[in-house]
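Me: Please take a close look at one part of this structure, the place where the metal is held, and explain it together with what surrounds it. I am in my first year, so go through it step by step.

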Amino acid sequence: MWRDLAPLGRDPRTGGYRRYAWTSADAECRAWFRAQAGARGLTHETDRNGNQWAWLGDPARGDAVVTGSHLDSVPDGGPFDGPLGVVSAFAALDELRRRGAEFSRPLAIVNFGDEEGARFGLACVGSRLTAGRLTREQAFALRDPDGVSLPAAMEAAGHDPEAIGADPDRLAGIGAFVELHVEQGRSLDLSGDPVGVASAIWPHGRWRFDFRGEANHAGTTRLADRRDPMLPYAETVLAARRSARLAGAVATFGKVAVEPNGVNAIPSLVRGWLDSRAADQSTLDTVVGAIEEAARDHAVRHGVDLAVVRESFTPVVDFEDTLRDELSHILTRDGSRRPIPVLGTGAGHDAGILSASVPTAMLFVRNPTGVSHSPAEHATEDDCLTGVAALADVLEGLACR
Ligand code: HGY
Ligand code: MN
Ligand code: MN
Ligand code: MN
């Protein structure tokens, strides 16, 4: 299964993945998902928002147990972020069938579309639409770097954009959602555990900083006469690192666009995107506030205009409900495992989006280097198989009472 998926959307130059929403690589991954569902006799459907579901049992019965994750990637992403959760779901079902498990609830495996937001700039589009946390108008306003709109991209991929929208009935039919994900950090490596359970997802967001100066000739314009937006942008990047370090948070300017982007032209516009996350809301507010204040000071000093727009935000997600504790109980009740570590994460997930409307939990699988959103992302085969066995136990505990 893994070997069929691994080559899809992979950049041979870097070994990283470029599986962006509604592209040909995405279509290949969707075809792979459909084939895996068909090979197991599961009923495949693509919902109004482009998420794929593979059903065992009748969804109309409700109270379904759902597991899965996403198959899309960040630019030059790693092999495990997303796919590990989908592959482990199919493998866990295979394991339950080997055990002769009898399901008392419907079971579904899901591939949420456009989780990374790599093409249109907003994360978790598929799950946000389904959970009613993104309106059709907001979705229709999304553009990719080439100016292609989300609905146009959907249509070109054969999905009717007019159908998108909240899907409360679908969510009402879900009794539990469990997402297995490679850890994007080193907590499990440091604690020496192959598997952990999520406690919370940090509040996090994306802000766009537009520094507007004055385009001019790079070779003939005196320094004193310049209104160069690159300078306050550069100083803001440094200010972001300083503010985050002081607050014990994280802040990253990982994407920038420069206009006109000519080597011999002073830019007219430098557009930087800030990704910031913190363990609690007030810390996040403090960090982003300090970064914005520094940006405004530097912009004024360089005679540059600044506009800051918050493009997306996800409040803190506490998995502090029975499902998280039930997972820990299921995973340790037969005594074959030591207590399962519970860990927070700064990474966003579809589970975080759904948690406002469905009992949700996450399982993490050890990542020895902690590296993610990079081709260097890694998990050992043993740990992946341990994750599958843990997911199978959880699904059996929830769906085979
Ligand atoms: O950005 C995130 O945290 C997630 O990987 N989409
Ligand atoms: Mn990711
Ligand atoms: Mn992910
Ligand atoms: Mn300055």
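### The metal site and its surroundings

Reply: Ile-109 has a relative accessibility of 1% and therefore counts as buried, since the cut-off for buried is under 20%. This is a predicted model, and everything below should be read in that light. Ile-109 belongs to strand β4. In sequence, 54 residues separate Ile-109 from Trp-55, yet their C-alpha atoms are 6.7 Å apart in space. Trp-55 in turn is a member of one aromatic cluster, together with Trp-53, Phe-112 and Phe-177. A charged residue also meets this cluster: Arg-170 lies over the face of Trp-53, 4.8 Å from the ring centre.

Now to the metal. Start with the manganese ion called ligand 3. Which protein atoms hold the manganese ion (ligand 3)? They are NE2 of His-70, an OD atom of Asp-81 and NE2 of His-181, at 2.1 to 2.3 Å from the ion. Along the chain, these donors follow the spacing H-x10-D-x99-H. His-70 is part of strand β3 (residues 64-70) and His-181 is part of strand β5 (residues 174-182), so this pair ties together parts that are 111 residues apart in sequence. His-70 and His-181 are both buried.

The other manganese ion is ligand 2. Its protein donors are Asp-81 through OD, Glu-116 through OE and His-373 through NE2, at 2.0 to 2.2 Å. For this manganese ion (ligand 2) the spacing along the chain reads D-x34-E-x256-H. Asp-81 sits in the loop between β3 and α3 (83-99), while Glu-116 sits in the loop between β4 (107-112) and α4 (125-130), so the two tie together parts that are 35 residues apart in sequence. Asp-81 and Glu-116 are both buried.

Asp-81 appears in both lists of donors. How far apart are the manganese ion (ligand 2) and the manganese ion (ligand 3) that Asp-81 bridges? The distance between the two ions is 3.4 Å. A single residue, Asp-81, thus coordinates both.

Two donors of the manganese ion (ligand 2) also turn up around another bound molecule, ligand 1. The residues surrounding ligand 1 are Glu-115, Glu-116, Arg-277, Ala-347, Gly-348 and His-373. Of these, Glu-116 and His-373 also coordinate the manganese ion (ligand 2). Three polar distances can be given for ligand 1. A nitrogen atom of ligand 1 lies 3.2 Å from a polar side-chain atom of Glu-115. An oxygen atom of ligand 1 is 2.7 Å from a polar backbone atom of Gly-348. An N or O atom in the side chain of His-373 lies 3.0 Å from an oxygen atom of ligand 1. How much of ligand 1 is covered by the protein? On its own ligand 1 exposes 220 Å², and 94% of that is buried by the protein.

Next come two aspartates that are not listed as donors of either manganese ion. Asp-144 is found in the loop between α5 (136-140) and α6 (150-156). Its relative accessible area is 8%, so Asp-144 is buried. The side chain of Asp-144 has a polar contact of 3.0 Å with the side chain of Arg-119. A polar atom of the Asp-144 side chain also lies 2.8 Å from the backbone nitrogen of Asp-146.

Asp-58 is placed in the loop between β2 (52-56) and β3. Is Asp-58 buried or partly exposed? Asp-58 is partly exposed, because its relative accessible area is 41%. Its side chain reaches the backbone nitrogen of Ala-60 at 2.8 Å. Between the C-alpha atoms of Asp-58 and Trp-273, which are 215 residues apart along the chain, the separation is 44 Å.

Finally, back to the aromatic rings. The structure holds ten aromatic pairs. One of them joins Phe-209 and Phe-211, with 6.4 Å centre to centre and 25 degrees between the planes, and this pair is stacked. Phe-209 and Phe-211 are both buried. A charge over a ring occurs at Trp-22 as well: Arg-30 lies over its face, 4.3 Å from the ring centre.

To sum up the metal site: His-70, Asp-81 and His-181 hold the manganese ion (ligand 3), Asp-81, Glu-116 and His-373 hold the manganese ion (ligand 2), and Asp-81 is the bridge.

Methods:
Residues are numbered from 1 along each chain as its sequence is written. Chains are lettered from A and ligands numbered from 1 in the order in which they are written. This is a predicted model: local features need pLDDT of at least 70, side-chain atom pairs count only at pLDDT 80 or more; totals for chains, interfaces and linings use all residues. Side-chain values use heavy atoms; hydrogens and water are left out. Rings of Phe, Tyr and Trp (its six-membered ring) pair if their centres lie within 6.5 Å; planes under 30 degrees apart count as stacked, over 60 as edge-to-face and the rest as tilted. Buried means under 20% relative accessible area, exposed over 50%, partly exposed in between (1.4 Å probe, protein chains only). A charge sits over a ring if NZ of Lys or CZ of Arg is within 6 Å of the ring centre and within 35 degrees of the ring normal. Donors are N, O and S atoms within 2.8 Å of the metal (3.2 Å for Na, K and Ca); water is not among the atoms, so sites may look incomplete. Helices (H or I, at least four residues) and strands (E, at least two) are DSSP runs, numbered from the N terminus. A residue is near a molecule or strand if one of its heavy atoms lies within 4 Å of it. A polar contact is a pair of N or O atoms within 3.5 Å; within protein, one must be able to donate a hydrogen and the other to accept it, and residues adjacent in sequence count only if both atoms are side-chain atoms. Accessible areas come from the Shrake-Rupley method with a 1.4 Å probe; for residues, only the protein chains shown count as cover.
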